[in-house]
Structure formats: C-alpha cells, structure tokens
Amino acid sequence: TVPGPEFVYSASIRHRIPHPHVHLLPRYPQTPADYQWHQVDEWPEGQGTEEQAASLADRVRHAITAQP
C-alpha cells in the first residue's frame, strides 16, 4: 500500500471566475526533494489512477458539503 502524504499543499486561485478554485497537492514521503511544492504532481511515480482521483474528489466534495 501507499503511505499517506506527509502533508498537503493547497493553492487557492481566483482569476476572473466568480468562484474559488483550490488545488490540493499531496507530498508523499518518497517524493524526491527536487520536486518543489508546485511540482509534486509532475513526479511520474507520485501520480495515482483516475479511480483514485475520483475517490478523493468524492471524499473532498462530501467533506465540503457535509452539514455539522
């Protein structure tokens, strides 16, 4: 199994679009040091499958819309 990320970078962008746009970039323990925060998604070995991305998107969507 793949261990969880050491931490997750977030970048929020709003440019001419009337809604926030947020990127979540996990940094896994084995990520080479030369991949800086904005490059972690460019590391070929650090990319998951489309199924994993869809699952993560569903979990984030649920967490954002969940009622307290």
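## A walk through the model

Ile13 makes a handy starting point: with a relative accessible area of 42%, this residue is partly exposed. Before going further, keep in mind that what you're looking at is a predicted model. Why does Ile13 count as partly exposed? Because its 42% falls between the 20% under which a residue is called buried and the 50% over which one is called exposed.

Ile13 belongs to strand 1, a stretch that runs over residues 7–13. Try finding Arg27 from here: the two residues are 14 positions apart in sequence, and their C-alpha atoms sit 20 Å apart in space.

Carry on along the chain and you reach the loop between strand 1 and strand 2, which is where His15 is found. This residue has a relative accessible area of 51%, so it's classed as exposed, given that the cut-off for that label is over 50%. If you jump from His15 to Arg59, you cover 44 residues along the chain, and the C-alpha atoms of the pair are separated by 26 Å.

Next up is strand 2, made of residues 21–27, with Val22 as one of its members. Val22 also has a part in a surface feature: together with Val8 and Leu24, it makes a nonpolar patch of about 260 Å².

Now for the pockets. The largest one has a volume of about 1100 Å³. It's lined by 31 residues, and the ones closest to its centre are Pro26, Tyr28, Gln52, Ala53 and Leu56. Two elements, strand 2 and helix 1 (50–65), each give two or more residues to this lining. Helix 1 provides the largest share, with ten residues. What mix of residue classes lines the largest pocket? You'll find 16 nonpolar, eleven polar and four charged residues there.

Let's stay with helix 1 to finish, since there's a contact between side chains to look at. Arg61 and Asp58 both lie in this helix, three residues apart, or about one turn. They form a salt bridge, and their closest N and O atoms are 2.8 Å apart. That fits the definition because the nitrogen of the Arg has to be within 4 Å of a carboxyl oxygen of the Asp. How many salt bridges does a search of the whole structure find? The search turns up one.

And are these two partners hidden away or open? Arg61 has 49% relative accessibility, so it counts as partly exposed. Asp58, at 47%, counts as partly exposed too.

Definitions and conventions:
Residues numbered from 1 in each chain as written. Predicted model: local features only at pLDDT ≥ 70, side-chain atom pairs only at ≥ 80, totals over all residues. Heavy atoms only, no water. Patch = residues over 30% accessible without salt bridge, like charges linked within 9 Å, V, L, I, M, F, W, Y side chains within 5 Å. Areas by Shrake-Rupley, 256 points an atom, 1.4 Å probe, with all protein chains shown as cover. Salt bridge = Lys/Arg side-chain N within 4 Å of Asp/Glu carboxyl O. Helix = DSSP H or I, 4+ residues; strand = E, 2+ residues; numbered from the N terminus. 1 Å grid on protein atoms, 1.4 Å probe; cavity = no way out; pocket = protein on both sides within 12 Å on 5 of 7 lines; lining within 4 Å. Points joined across faces, edges and corners; volume = space filled by probe spheres on them. Nonpolar A, V, L, I, M, F, W, Y, C, P; charged D, E, K, R; others polar. Buried < 20%, exposed > 50% of the residue type's maximum accessible area, 1.4 Å probe, protein only.
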